[in-house]
Amino acid sequence: MNGTALIVGSSVAGIRTAQSLRTEGWLGRIVVIGDEPHLPYDRPPLSKQMLTDRTEISPTPLLTKHEATSDNIELLLGTPAVGLDTTAKRVALADHREVPYDHLVIATGASARPSPWGQMPGVHVLRGLDDCLGLRKALHGDALSGSGHVVVIGAGFIGSEVAAAARALGLRVSVVAPSATPLVQNLGPEVGMELTKLHQRHSVETHFGSAVSSLTSSADGIHVLLDNGTELSATTVVVGIGATPNVEWLKDSGLTLGDGVMCDEQGRASGGSDISAVGDVACWTRSHAPVARRGEHWTRAVEQANLVGRRLCGVSIENMDRQVDYVWSDLYDWKIQIVGQPRHGCRSEIVGDFDGAHTRAAVLYSDEEQRLVGSFIVNWPRATLLLRKATEQRSNVRAARALIDARVPRNSGSTI
Ligand SMILES: Cc1cc2nc3c(=O)[nH]c(=O)nc-3n(C[C@H](O)[C@H](O)[C@H](O)COP(=O)(O)OP(=O)(O)OC[C@H]3O[C@@H](n4cnc5c(N)ncnc54)[C@H](O)[C@@H]3O)c2cc1C
C-alpha cells in the first residue's frame, strides 16, 4: 500500500483504478500517464449527445483538476508511454522521461481500426474526443448544406449510434455491413433483424450483406463502391469496424500479449510481476467463461478497475470476478441493455413486443441446460434488473421468464 502505483492510460479504466486505490487506502504516490492532452473524459457520450447537441458541447469529465489534487493523483498528460522495462520497473515515455513504479497498471484501452480502404478527407473513425469533434463538425456542416449523405461502414454499436445521431440531425444516412443483419454474432439473427427494422423505420438505407470494395475521393465527394456493384456517393464516411488493443508499446516487455494483455482472473498480467491490466486492453481469464475475452465496454472497465484497486490494497475481492457483463446503447427511441453473454446461448425467446410505437421487449438466451446466460432488453429497465440477477444466479430460463412475464401486460409468447 506504499510506493508508486503507476497507471498508464487516463480514461475510465485508468482513472477508476486510481480512485479505487485512494479509496481503499493506497498511501503512496499514484501517477497516471495519458497520451491525450485532454483532462480525463468519458467516451459513451461521444457517439450520442455530443454528436447531436447543437449548442456548445463539453466532454463529460472523469476526473477534474480539483479532484486530482484533493485525491493526490498526479496526472502526466499528453505524453505516450513507449516502452516497459519489467526488470528495472520503469516505463519509458516518448519525451525521453522514465517513470519508476512499484506496481504498474496497464489501462491503455483500444484504438479504432483505421479504414483499410485508405485515408482521405471526409473519412472518419470515432474513438476519442478529437475524433468526435471532427466528426461532429462534418455532420453539422452536412446538415447545414442540406444535401449531406453520410455512409456508415459497420453496423456494430458505434456505427449504429452514429447513424442514429446523423438521422437526428436530419441527414440522409446509409449503413453498410458485410453481415446479413447487425450484431448477428453477438445477438443472433432475430435480434439482428429487429435492429435492421429499427434502422429502416428511421429511414436509414441499409446495405447489409455487402462489403465495401473501395473508397475514392473526387471533387463531388467520396465514392463508396460495394462488392455487389452498388456505388454510394457520400459527403461523410464513418468507418466503425471495431477496435484493437493498444499493446504496441509493450511488444518488447516480455508480457504475454494475445488479444490484449493476457491476465489471470484478478487482472495480474502474465509474463511479469507487479503488473496488472484493466479495461479494453486487458484480456482476463474468467471463472464462468470458457475462454479469456476482452470486454470493450464501460461497466467491465470500471469493475476491473475496482477489483484491481482493492486487491492492491489488500481488501477482499471475493466474488468480484463473477459479475455478469452489462452493456448499454441508445439507438433512436430504444434504450438497449444487454446482460450476461447472449452469444453463449443456443436458444432464445422473446418476451414483450418489438413492434409498435412503444417497444418494450426482452430476449432471453439460454444454454443446453436451459440456464439463462444472457438477455437483450429494450426500454425495460425493470426487466434488466431482474434478468441481471437471474443471470448471476444462472437461473432456469423458464423461472426467469415467469418472473418477467408477471410484469408484462401483453405477452407476445413468440419463441425465436
Ligand atoms: C464512442 C464510444 C461510445 C461508447 N459507448 C458505450 C456505451 O454506450 N456503453 C458501453 O458499455 N460502452 C461504451 N463504449 C465503450 C467504453 O467507452 C470503453 O469500454 C471504455 O472507454 C474503455 O475504457 P479504457 O480506459 O479501458 O480504454 P480507453 O477508453 O480506450 O482509454 C485508454 C486511454 O489510454 C490512452 N493510451 C493509449 N495508449 C497509450 C500509451 N501508450 N501511453 C499513454 N496513454 C495511452 C488512450 O489515448 C486513452 O486515453 C463506447 C466507446 C466509444 C469509443
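How many residues of domain 1 are in contact with how many residues of domain 2? Seven residues of domain 1 touch nine of domain 2, where contact means that the C-beta atoms, placed from the backbone, lie within 7 Å. Before going further, please keep in mind that this is a predicted model, in which local features need pLDDT of at least 70 and side-chain atom pairs count only at pLDDT 80 or more, while totals for chains, interfaces and linings use all residues. Residues are numbered from 1 along each chain as its sequence is written.

## Domains

The chain is divided into domain 1 (5–48 + 60–111 + 244–322), domain 2 (114–241) and domain 3 (333–405); these bounds come from an automatic or database domain assignment. The C-alpha centres of domain 1 and domain 2 lie 32 Å apart. On the domain 1 side, the residues that touch domain 2 are two nonpolar, three polar and two charged. In this classification Ala, Val, Leu, Ile, Met, Phe, Trp, Tyr, Cys and Pro are nonpolar, Asp, Glu, Lys and Arg are charged, and the others, Gly among them, are polar.

## Around the ligand

The ligand is surrounded by 36 residues, of which G9, S11, A13, G109 and G279 come nearest; a residue counts here if its C-beta atom, placed from the backbone, lies within 6 Å. The shell holds 17 nonpolar, 13 polar and six charged residues. Domain 1 and domain 2 each give at least three residues to this shell. Helix 1 (12–24), strand 2 (30–34), helix 7 (298–312) and strand 23 (326–331) supply at least two each. Helices (H or I, at least four residues) and strands (E, at least two) are DSSP runs, numbered from the N terminus.

## Helix 1 against helix 7

Two of those elements also pack on each other. Helix 1 and helix 7 meet at an angle of about 35 degrees, with their axes 8 Å apart. Axes are lines fitted to C-alpha atoms, for helices over the stretch in contact, and angles run from 0 to 180 degrees between N-to-C directions. The crossing of the two helices is right-handed, meaning that the near helix is turned clockwise from the far one by less than a right angle. Helix 1 contributes V12, A13, R16, T17, S20, L21 and E24 to the contact, and helix 7 contributes residues including W298, A301, V302 and A305. By class, this helix contact has nine nonpolar, five polar and three charged residues.

## Two parallel sheets

One open sheet has five strands in the order 3-2-1-7-20, with parallel pairing; strands pair if DSSP finds at least two bridges between them. Strand 3 (73–77) and strand 20 (275–277) are its edges, each pairing on one side only. Neighbouring strands of this sheet are turned by 20 degrees against each other on average, direction ignored. Helix 1 packs on the sheet, where it touches strand 1, strand 2, strand 3 and strand 7, and its direction makes about 175 degrees with that of strand 2.

Another open sheet, also of five strands and parallel, follows the order 9-16-10-11-12. Strand 9 (123–124) and strand 12 (205–208) each have a single partner strand, so one side of each is left without a neighbour in the sheet. Helix 5 (residues 157–168) lies across strand 10, strand 11 (172–177) and strand 16, at about 165 degrees to strand 11.

## Strand pairs

Here are four pairings side by side.

| Strands | Sense | Bridges | Facing residues |
|---|---|---|---|
| strand 1 (5–8), strand 7 (103–106) | parallel | four | I7 and V105 |
| strand 10 (149–153), strand 16 (236–239) | parallel | four | I153 and V239 |
| strand 4 (81–85), strand 5 (90–93) | antiparallel | four | A81 and L93 |
| strand 5 (90–93), strand 6 (98–100) | antiparallel | three | A92 and E98 |

The antiparallel pairs form hairpins. Between strand 4 and strand 5 there are four residues, and K89 takes a positive phi near 55 degrees. The hairpin of strand 5 and strand 6 has four residues between its strands, and H96 takes a positive phi near 75 degrees.

Notes: Two residues are in contact if their C-beta atoms, placed from the backbone, lie within 7 Å.
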